[in-house]
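Please consider the internal space of this protein and the backbone of its loops. The account below begins with the cavity and then turns to backbone conformation.

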Amino acid sequence: MLFSLHEENACSPNRIMIDYINIDPNSSIPKYRQLINSFYQAIEEKVLTKGQKVPSINELSKTYNLSRDTVLKTLNELQAKGVITPKVGKGFYVNNHNITQQHKVFLLFDNLTAYKEELLGAFKNEFLKKGTIDIYFHYFNQKNFETLITESIGNYTAYVIMPIPSKTVAPIIELIPRDKLYILDRGRKLYGMVYPSVCQAFRKDIYNALTSGADLLKKYHKLTLIFSDDGRAPTDLKRGFIEYCTEFNYAHEVTTQKDIKIKQGEAYLVLDDNILVDLVNQANGNGLLLGKEVGIISYNDIALKSIAANGITTISTDFSAMGRNMADMVINKKRRHLENLCRLIVRGSL
């Protein structure tokens, strides 16, 4: 909400002219950044329009108890970005009423994989000529997560983060201005229903994907989920897998064992691509036909899996759609909670 720090002057011409400025003296966001954000918001909401005069350095400084250097830094940045322009002897005027190009996004990934590169590429393509993106990685390290966020506060118009899936990072996430925060990919239950988000619904996704392939799975008498033991794999994947196996009366196992021995008549759902390679090599070495005598499903799809070993069946979310949807949400300031599309992609290995 826009507010005045000096309501007693609210009726003066100068006061009316700049009551769209929002400065919170208790905020951790630098005052010059709050001032810049206020101008952006005023232009976006058509409170300030092209050709309109911007308040002077003296007006802003006196009204909001700001140093002249702070105000000058603000006006210089707005001028550098083409938002305002000076007129000799007259001051600054709004030069660009379309500031869709002024987005500056803080994009925090958990790590970088081939799947995340697809997401990132789609996000960046949607953002072409609409703003800039700074990309960071926390690698599931809470100290990194905290440092990256705390040092970024006040420097960006939007924060898109893949959170560490834990309640312990909630106080860190809450440092980000609520109207600028978006949750991506992970943390749907913890954070994705509180803040605007585009996330995977892991339990539902794996259950629905396996259900869609039920006829193909009938030839196997046991299903095994090879789960990651590094704490990075969503536990809802395990829940969805067990729910499916229980409902369809499958003998099943969830294991973190990396050197599992492949067996005829069984199907394996693999989260780690290194283990996937090992299982395919085992099947070939033992003369077991993929999709006939043994089944393999890999989690997350990339182009290489469509041709490897006569095609690897995958369960995968649409990472390109995730990137596009998140970019649209940020650019157009949508406050939605989207579950990203996920499906079973059937190939020879099943």
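**Cavity lining and backbone conformation**

In this predicted model, the lining of the largest cavity is formed by L210, L217, L223, T224, F241, A267, Y268, L269 and I297. Two elements, β8 (222-226) and β10 (266-270), are those that give two or more residues to this lining. Of the elements, β10 makes the greatest contribution, with three residues.

The chemical character of the lining may be considered next. Eight of the lining residues of the largest cavity are nonpolar and one is polar, whereas none is charged. The polar position is T224, since Thr is not listed among the nonpolar or charged residue types. The volume enclosed by the largest cavity is about 50 Å³. When the whole structure is searched, one cavity of 30 Å³ or more is found.

Attention now passes from the cavity to the backbone. As a general matter, most residues other than glycine have a negative phi. Two residues of this model may be read against that background. F140, which is not a glycine, has a positive phi of about 65°. F140 belongs to the loop that runs between β4 (131-137) and α6 (142-152).

The second residue is also located in a loop. K333 lies between α13 (319-331) and β13 (337-339). The phi of K333 is near 55°, again a positive value in a residue other than glycine. On inspection of the structure, the reader may therefore locate F140 in the loop that precedes α6 and K333 in the loop that follows α13.

Technical notes. Residues numbered from 1 in each chain as written. Predicted model: local features only at pLDDT ≥ 70, side-chain atom pairs only at ≥ 80, totals over all residues. Heavy atoms only, no water. 1 Å grid on protein atoms, 1.4 Å probe; cavity = no way out; pocket = protein on both sides within 12 Å on 5 of 7 lines; lining within 4 Å. Points joined across faces, edges and corners; volume = space filled by probe spheres on them. Helix = DSSP H or I, 4+ residues; strand = E, 2+ residues; numbered from the N terminus.
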